[in-house]
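Subject: Structure handover and first findings

Dear colleague,

I am passing on to you the structure we spoke of, together with notes on what was found in it. Please have it open beside this message as you read.

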Amino acid sequence: MQFFIDTANVDEIKQAIDWGILDGVTTNPTLAAKTGKPFMEVVKEILDLVDGPVSLETVSLDVDGMVKEGRFLAELGDNVVVKIPMTKDGMKAVRILEEEGIPTNVTLVFSPSQVLIAAKAGASFISPFVGRLDDISTDGMGLIKDIRTILDNYGYETEIIAASIRHPMHVVEAAKAGSDIATIPFNVLEAMFRHPLTDIGIDRFLKDWEKVPNKPF
Ligand code: G3P
């Protein structure tokens, strides 16, 4: 499973790279706003740091606007993926951009029918929002399972990015369901390393090591 980080915060991206576990980055307008920095400054910093796919989102709602923004974003780096919302105009823009060789990530996906349409439009990636479905008492992970089945049934190459991840078990369940990628907020990524028994075990080993005679280190 590939790990993307769901952030526009450059310090968080640097730490995830330092941990050696980062395959890509996803951003959205909310995450860009949270940085408080000029958008182009943030994007350039991210693209300087990351070799893997970096999703940057369009904000126009009409096909011409989305295609224009998508082409602009794609010019910024070979690894830019244009994030487009799941609408009729959005799917027209996906087809146009993909035919030009610009990879797209269809975002705000909440149902299997939306997935079928995005896959038919030729999207490279789809982002089902697991946490936001759970938030409204719906089975977010059930959607990931359905998507895996649907894409496999027809051999679509569209990759699943489990998005709107709230906790480590979302990542684990998405991996069990066969999601290609999870895009994970920094706090969740960090939490995935931790287990209290690991801390207790290290503490006990270090204490016992004190009792070992003639140690080489
Ligand atoms: O980037 C898209 C998605 O991961 C947003 O998550 O936490 O705003 O539902 P969230």
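The notes below go through strands, helices, two individual residues and pockets in turn.

Please keep in mind throughout that this is a predicted model, and that the values given here were computed from it.

**Strands**

A convenient place to begin is strand 1, which covers residues 2-6. Four of its five residues are buried, so strand 1 is largely enclosed by the rest of the structure. Strand 1 runs parallel to strand 8 (residues 181-184), to which four bridges join it, and within this pairing Gln2 stands opposite Ile181. Strand 1 also pairs with strand 2, again in the parallel sense, over three bridges; here Phe4 has Gly24 of strand 2 as its bridge partner.

Strand 8 has a further parallel partner in strand 7, to which two bridges join it, and Ile161 is paired there with Ile181 of strand 8. Ile181 is thus the residue opposite Gln2 as well as the bridge partner of Ile161. Strand 7 (residues 159-162) is in turn joined by two bridges to strand 6 (residues 125-128), the two running parallel, and Ile126 stands opposite Ile160 of strand 7.

**Helices 1 and 3**

In helix 1, the residues Val10, Ile13 and Ala16 are buried. Because these residues cover an arc of only 120 degrees around the axis, they are placed on the same side of helix 1. The face of helix 1 that is turned away from this buried side carries the exposed residues Asp11 and Asp18. As for what covers the buried residues of helix 1, the list includes strand 1, strand 2, helix 3 and helix 10 (186-191).

Helix 3, which spans residues 39-49, can be described in a similar way, with Val42, Val43, Ile46 and Leu47 buried. Their arc around the axis is only 125 degrees, which puts them on the same side of helix 3. Lys44 and Asp48 are exposed, and they sit on the face of helix 3 turned away from its buried side. The buried residues of helix 3 pack against helix 1 (10-18), strand 2 (24-26), helix 2 (29-35), strand 3 (54-57) and strand 4 (80-85).

**Two buried residues**

Which residues does Val54 touch, once those up to four places away in sequence are not counted? They are Val25, Ile46, Leu47, Asn79, Val80 and Val81, and of these Ile46 and Leu47 belong to the buried residues of helix 3. Val54 has its place in strand 3 and is buried, with a relative accessible area of 0%. The C-alpha atoms of Val54 and His167, by contrast, are separated by 22 Å, and these two residues are 113 residues apart along the chain.

Asn79, one of the residues that Val54 touches, lies in the loop between helix 4 and strand 4. Is this loop residue buried or exposed? Asn79 has a relative accessible area of 16%, and because buried means under 20%, Asn79 counts as buried. When its neighbours within four places in sequence are left aside, Asn79 is in contact with Leu47, Val50, Asp51, Gly52, Pro53 and Val54.

**Pockets**

The largest pocket has a volume of about 270 Å³. It is lined by 17 residues, and the closest to its centre are Asp6, Asn28, Leu31, Arg132 and Ser164. Helix 2 gives the most to this lining, with three residues. By class, the lining of the largest pocket divides into five nonpolar, seven polar and five charged residues.

The second largest pocket holds about 200 Å³ of space. Of the 16 residues that line it, Phe39, Glu57, Thr58, Val59 and Leu73 lie nearest its centre. Two or more residues of this lining come from each of helix 2, helix 3, strand 3 and helix 4 (63-74), and the largest share, four residues, is that of helix 3. The lining of the second largest pocket has 11 nonpolar, three polar and two charged residues.

With kind regards

Terms used:
Residues are numbered from 1 along each chain as its sequence is written. This is a predicted model: local features need pLDDT of at least 70, side-chain atom pairs count only at pLDDT 80 or more; totals for chains, interfaces and linings use all residues. Side-chain values use heavy atoms; hydrogens and water are left out. Buried means under 20% relative accessible area, exposed over 50%, partly exposed in between (1.4 Å probe, protein chains only). The arc is that of the directions from the helix axis to the C-beta atoms. Contact means heavy atoms within 4.5 Å. On a 1 Å grid over the protein atoms alone, a cavity is a set of points where a 1.4 Å probe fits but cannot get out, and a pocket is an open set with protein on both sides within 12 Å along at least five of seven lines; lining residues have an atom within 4 Å of a point. Grid points are joined across faces, edges and corners, and a volume is the space filled by probe spheres set on the points. Ala, Val, Leu, Ile, Met, Phe, Trp, Tyr, Cys and Pro count as nonpolar, Asp, Glu, Lys and Arg as charged, and the others, Gly among them, as polar. Two strands pair if DSSP finds at least two bridges between them.
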